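Biologist: Hi, I'm new to this one and would like a quick tour. Can we go through it together?
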Amino acid sequence: MLFPTDTGREAFDHFVRSRVAALSRTAYLLTGDAHLAEDLVQQALLSAAKSWHRIQGDPEPYVRRILYTQNVSWWRRRRLVETPTETYEASAVAAGDTELRLSLDAALAQLTARQRTILVLRFFEDLTEVQTAHVLGIHSGTVKSTTRKALARLRTLAPHLEELLHD
């Protein structure tokens, strides 16, 4: 039995309905793939449902942590079978938000899964280096060096995205 009470089930259903879009956005940023993002959110919600009765207070940080750690597990497993993507050719400066978003997505796709995850946690989720290291189970020095290398790679792949780094 997943939920010992009906109120537990109702609370979980309410959480899923209200937060699945935000969780999906984060998952997409972490994975770079809509289908993998869906799988990641489903896996995180399944794990949360199994321990829903033990969650005290706001469940979102708990579910997000599951999301992050599950993604780390995936990229650790995928590391051995990772295949390079096609070379990204930087286009002219984007004329609108859509082009900028697509350009950023293409540039992020060129990063390793670790680099992408750390950038998402640091700049989208607005976690500190120490918090990011804690969530991923790595040293803060690793977060610093990976962030530096990932940003340098982004500057090389898509120099027109420099304006985002200052926002």
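Biologist: Let's start with H5 and H6: which residues meet there?
Modeller: Before that, keep in mind that this is a predicted model. On the H5 side the residues are Thr117, Ile118, Leu121 and Arg122, and they meet Glu129, Thr132, Val135 and Leu136 of H6.
Biologist: What's the mix of residue classes in the contact of H5 with H6?
Modeller: It has four nonpolar residues, plus two polar and two charged ones.
Biologist: And at what angle do H5 and H6 pack?
Modeller: About 130°, and their axes are 9 Å apart. H5 covers residues 113–124 and H6 covers residues 129–136.
Biologist: Why do you call H5 and H6 oblique to each other?
Modeller: Roughly perpendicular stops at 115 degrees and roughly antiparallel starts over 145, and the angle here is about 130°. H5 and H6 are therefore oblique.
Biologist: Is the crossing of H5 and H6 left-handed or right-handed?
Modeller: H5 passes H6 in a right-handed crossing.
Biologist: What about the loop between H5 and H6, which residue should I look at there?
Modeller: Try Asp126, which is found in that loop. Its phi is near 60°, a positive value, and Asp126 is not a glycine.
Biologist: Is Asp126 buried or exposed?
Modeller: Asp126 counts as exposed, because its relative accessibility is 62% and the cut-off for exposed is over 50%.
Biologist: Moving along the chain, how does H6 pack with H7?
Modeller: The angle between H6 and H7, which is residues 140–157, is about 110°, and the axes are 8 Å apart. That makes H6 roughly perpendicular to H7.
Biologist: Which residues make that contact between H6 and H7?
Modeller: From H6 you have Glu129, Thr132 and Ala133, and from H7 there are Ser140, Val143 and Lys144. By class, the contact of H6 with H7 divides into two nonpolar, two polar and two charged residues.
Biologist: Hang on, haven't I seen some of those names already?
Modeller: Yes, Glu129 and Thr132 are in the contact with H5, and Glu129 and Thr132 are also in the contact with H7.
Biologist: New topic: how many aromatic pairs are there?
Modeller: The count comes to two. One of them is Phe12 with Trp52: the ring centres are 5.1 Å apart and the planes are at 80°, so the pair is edge-to-face.
Biologist: Where do Phe12 and Trp52 lie?
Modeller: Phe12 lies in helix H1 (residues 6–31), and Trp52 is in the loop between helix H2 (34–50) and helix H3 (60–78). The pair therefore ties together parts that are 40 residues apart in sequence.
Biologist: Are those two buried or exposed?
Modeller: Phe12 is buried, with a relative accessible area of 10%. Trp52 also counts as buried, at 11% relative accessibility.
Biologist: And what's the geometry of the aromatic pair of Phe15 and Trp52?
Modeller: That pair is tilted, with 5.7 Å from centre to centre and 45° between the planes. Phe15 is in helix H1, and Trp52 in the loop between H2 and H3 is 37 residues away along the chain. Phe15 counts as buried too, at 6% relative accessibility.
Biologist: So what do the ring pairs link into a cluster?
Modeller: Phe12, Phe15 and Trp52.
Biologist: Last one: where is Leu46 found?
Modeller: Leu46 is found in helix H2, and Leu46 is partly exposed, with a relative accessible area of 39%. Its C-alpha atom is separated by 9.7 Å from that of Val63, 17 residues apart along the chain.

Note on methods:
Residues numbered from 1 in each chain as written. Predicted model: local features only at pLDDT ≥ 70, side-chain atom pairs only at ≥ 80, totals over all residues. Heavy atoms only, no water. Axes fitted to C-alpha atoms, helices over the stretch in contact; angles between N-to-C directions. Helix = DSSP H or I, 4+ residues; strand = E, 2+ residues; numbered from the N terminus. Parallel < 35°, antiparallel > 145°, perpendicular 65-115°, else oblique. Left-handed = near helix turned anticlockwise from the far one by under 90°. Contact = heavy atoms within 4.5 Å. Nonpolar A, V, L, I, M, F, W, Y, C, P; charged D, E, K, R; others polar. Phe/Tyr/Trp six-rings, centres within 6.5 Å; stacked < 30°, edge-to-face > 60°. Buried < 20%, exposed > 50% of the residue type's maximum accessible area, 1.4 Å probe, protein only.
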